[in-house]
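User: Hi! I have a structure open here and would like to talk through its sheet and one of its loops. Could you take me through them?

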Amino acid sequence: MERGSGVLLHISSLEGGCIGGLGKAAYDFADRLREAGFGYWQILPLNPTSLYSGNSPYSSESLFAGNTYFLDWSEFVRAGWLDESDLYRRETEFTDYSLADGYSKKLLAKAFANADGQTVGKARAWAEDKPNLRVYALYAAIKDVFRSAWYEWPAEYRDFHGSGTAEFSEKHRKEIDAYIFGQYFFFRQFEKLKNYANGIGIKIIGDFPVYASFDSADVWANTPLFEVSGGKVVLGAGVPPDYFSATGQLWGNPVYNVAEHKKSGYSWMLDRFRTAADLCDVLRVDHFRGYESFWAVPYGETTAAHGSWRAGFGKELFDLLKKDRGAEIIAEDLGVITDGVRRLRDELGFPGMNVLQFAFGEDDSGYLPENNAKNSVTYIGTHDNDTLVGWLKKAGRAEKERILRHVGSDDYKAFFPYLFSSESDVVIISMQDMLGLDSRYRMNVPSKPDGNWVYKMRKGQFDDGLIKTFAGLNRDFGR
């Protein structure tokens, strides 16, 4: 990756309305990044989120679809398919997913009903070479009828290749087209934003979740590729006990049946990477260690403590990806990292990650900026960490002593130049840390089912003073 710096802020966290989106606020944010000298904008996964899974962008009904909560509805007003009065103008303090869900469904239904046949036909033609996206549209339309997980549907629909599925496709073409219509505009609008950002020197860093959700179009249509049987997860994903949880993290996703993927030439995984690479310049591959070996927990376990390691996809998958010449890749190599994981990362030449909040638990940590590898990306904290201010308030005595010794101060602003002094080619700071926000504004608390993913920027916070501070840091540290 080119030397530089970036800001971590998800699309949902942009200012305005009840949830961020792909409208004017996104373009304004890109402009402010450029003014402050940043070259990267990092976001979280763009897949649809669900009210029933805590609104996590890492738990989606499709790894191939985009989140239509983010649509810029003003485009539909300009097309004459919506009225100005349809748009939600009040700004909420935090992201309100329930409000966004009802609002976006209502507006998308109205826009689709009012759209001309030529546009609907364009959307349908656009999706012709996107089979996994068409599977999602079918899955979503069926789910609207039964309002339950796919493994609870009537037998003729539970099997993707069952008799009911083909019949449903014929009878409900309009409902399926409505989902295709929303996806067509999501991908078109995001491509436009990416092109704008690239044009002013900003690269988009996307996030690539490692697993599919059990209740997803991905698993429903491709059950042999996952460790599932009889409508149950046979082996579930997670991580053993670690920094974030004494009992590990039990994610609930089915792990991959690697042998079946290999038989197909990894076609499904390759399509996943291609889809993500079309949206982003760089992909942060979540849980990279799972590609070397992954933690598999038998069905029925209530924590992740009693699992075992299974061999992952390994170098073979990534060698095939390199032939595609898609997005650059960052390996999220946090957690329980073995020599085998490091060897895979280094053989592939991927930059790894450093987290500054992890640097003060020992005297000479590799996470300290002066010890960072050049080919790496360094963060103060990720979306799973507390904010910098929140973390500093909770730091123990030994940590505080090391902070004072290395940083020189325990004031949060002192961490900015310390981060930028890193040996890493790229450093990333979250918007919350730039603003000095406390724990109420952290993005995610792992293993906590509710109340996550709701941080939202307020208008005017990315002000001229902040731009001046970070423009100076980028200049002084050659970023």
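Analyst: Happy to; below we go through the sheet, its helices and a loop residue, keeping in mind that this is a predicted model.

User: Which strands stand at the edges of the sheet?

Analyst: The sheet is open and built from 8 strands with parallel pairing, in the order β11-β8-β3-β2-β1-β14-β13-β12. An edge strand has a single partner, so one side of it is left without a neighbour in the sheet. From one strand to the next, the twist averages 25 degrees. The strands at the edges are β11 (328-331) and β12 (352-355).

User: In β8, which residue is the bridge partner of Gly206?

Analyst: Let's start with the strands: β3 (residues 203-208) and β8 (residues 282-285) pair in the parallel sense over 4 bridges. For Gly206, the bridge partner in β8 is Leu283.

User: What angle does helix α11 make with β8?

Analyst: Helix α11 covers residues 267-279 and packs on the sheet, where it touches β3, β8 and β11. Another helix, α8 (residues 173-199), lies across β2 and β3, at about 135 degrees to β3. For α11 and β8, the angle between their directions is about 130 degrees.

User: Is Leu225 buried or exposed?

Analyst: Leu225 sits in the loop between α9 (217-221) and β4 (228-229). Beyond its neighbours within four places in sequence, Leu225 contacts Tyr256, Asn257, Glu260, His261 and Trp268. Its relative accessible area is 10%, and the cut-off for that class is under 20%, so Leu225 is buried.

User: How far apart in space are Leu225 and Asp324?

Analyst: In sequence, Leu225 and Asp324 are 99 residues apart. From C-alpha to C-alpha, their separation in space is 22 Å.

Technical notes. Residues numbered from 1 in each chain as written. Predicted model: local features only at pLDDT ≥ 70, side-chain atom pairs only at ≥ 80, totals over all residues. Heavy atoms only, no water. Pairing = 2+ DSSP bridges. Helix = DSSP H or I, 4+ residues; strand = E, 2+ residues; numbered from the N terminus. Axes fitted to C-alpha atoms, helices over the stretch in contact; angles between N-to-C directions. Contact = heavy atoms within 4.5 Å. Buried < 20%, exposed > 50% of the residue type's maximum accessible area, 1.4 Å probe, protein only.
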